[in-house]
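Colleague: I'm new to this one. Could you walk me through how to read it?

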Amino acid sequence: HPITISGQVFETHSALVAFAILQLQSVGIVDPTIAFLLQVTRQLLTAGIAPPNLIEASIPHMPSNIRVLLADCATPRETRSYKECGAAAFIANLSPEEIEHGIITASAGNHGAGVAKAAAALHVKVTIVVPTTTPEPKVSNIQKYLDANHAGGTLVLFGADYDAAATHAVDLGKQNGFVYVHPYDHPMVWAGQAANLLALQPQLD
């Protein structure tokens, strides 16, 4: 049955579209449109973000006529995380001036890898600040994407924990004019996470 949200009627896989839009509305993006979601979804695909996998869950005592599907956002991706969706959407919507200045973020692992991967795919100069206590495999994973970034990628090890690294990243951003990519607290990061749900649609057809 059709679902109407903010005056829009959704027919095809309406529950999926409605859920994505409700996610955006819940974090303050007013009346997002299907066109907006599709635009961000295309940006994610351009940045090489693989769509989630649908996995059918087996739940005891569930009626046989009900299927429960889970979205696996980790397995299809090199970074093993959904974090790259928000990072790619954020970077894809930077202004030319912001791209010229470059971006910076702090991370102890998955967010840093997601930002580094998206920045390399979209040819944006990036600096990643990680705590000195970050496990070597995570540092190597981030460095792999930085090495592949023809626009320039820099890894900075600073501080004993994430808070120290984040403070240092913000300071470096202010000193050098870099745009700070927050791991979650930005509308385009939220949009990237929500819009990625639409990439599931072909699997539902």
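Modeller: Sure. Keep in mind that this is a predicted model. Let's begin with the sheet: it is open, has four strands in the order β7-β6-β5-β8, and the pairing is parallel.

Colleague: Which strands are the edge strands?

Modeller: Look for strands that pair on one side only; here those are β7, residues 153–157, and β8, residues 179–180.

Colleague: How many bridges join β6 to β7?

Modeller: Five, with β6 covering residues 126–130 and the two strands running parallel. One pair to find on screen is T127 with its bridge partner T154 in β7.

Colleague: And which strands does helix α6 touch?

Modeller: Helix α6, residues 136–147, packs on the sheet against β6 and β7, and its direction makes about 155° with that of β7. Helix α7, residues 162–176, packs on the sheet too, touching β5 (103–106), β6, β7 and β8. The angle between the directions of α7 and β5 is about 165°.

Colleague: What about the nonpolar core? How do I read that?

Modeller: The general idea is that in soluble globular proteins, nonpolar side chains tend to be buried together. In this model the largest nonpolar core has 32 residues, and F90, I91, I103, V115, I128 and I142 have the most contacts inside it. The elements giving two or more residues to this core are α2 (34–46), α3 (83–92), α5 (110–122), β6, α6 and α8 (187–195). The largest share, six residues, comes from α3.

Colleague: Say I click on I128. What is it in contact with?

Modeller: If you leave aside neighbours within four places in sequence, the contacts of I128 include V115, A116, I142, L146 and T154. There's also a second, separate core of eight residues, and I104, A106, V129 and F178 are among them.

Colleague: Now helix α5. Is it largely enclosed or open?

Modeller: Count its buried residues: ten of the 13 in α5 are buried, so the helix is largely enclosed by the rest of the structure. Among the buried ones are H111, G112, V115 and K117. The cover over the buried residues of α5 includes α3, β5, β6 and α6.

Colleague: What span should α5 have?

Modeller: At 1.5 Å a residue, its 13 residues should span 18 Å, and the end C-alpha atoms are 18 Å apart, so the two agree.

Colleague: And what comes just after α5?

Modeller: There you'll find H123, which takes a positive phi of about 60°.

Key. Residues numbered from 1 in each chain as written. Predicted model: local features only at pLDDT ≥ 70, side-chain atom pairs only at ≥ 80, totals over all residues. Heavy atoms only, no water. Pairing = 2+ DSSP bridges. Contact = heavy atoms within 4.5 Å. Axes fitted to C-alpha atoms, helices over the stretch in contact; angles between N-to-C directions. Core = buried A, V, L, I, M, F, W, Y, C linked by side-chain atoms within 4.5 Å. Buried < 20%, exposed > 50% of the residue type's maximum accessible area, 1.4 Å probe, protein only. Expected span 1.5 Å × (residues − 1).
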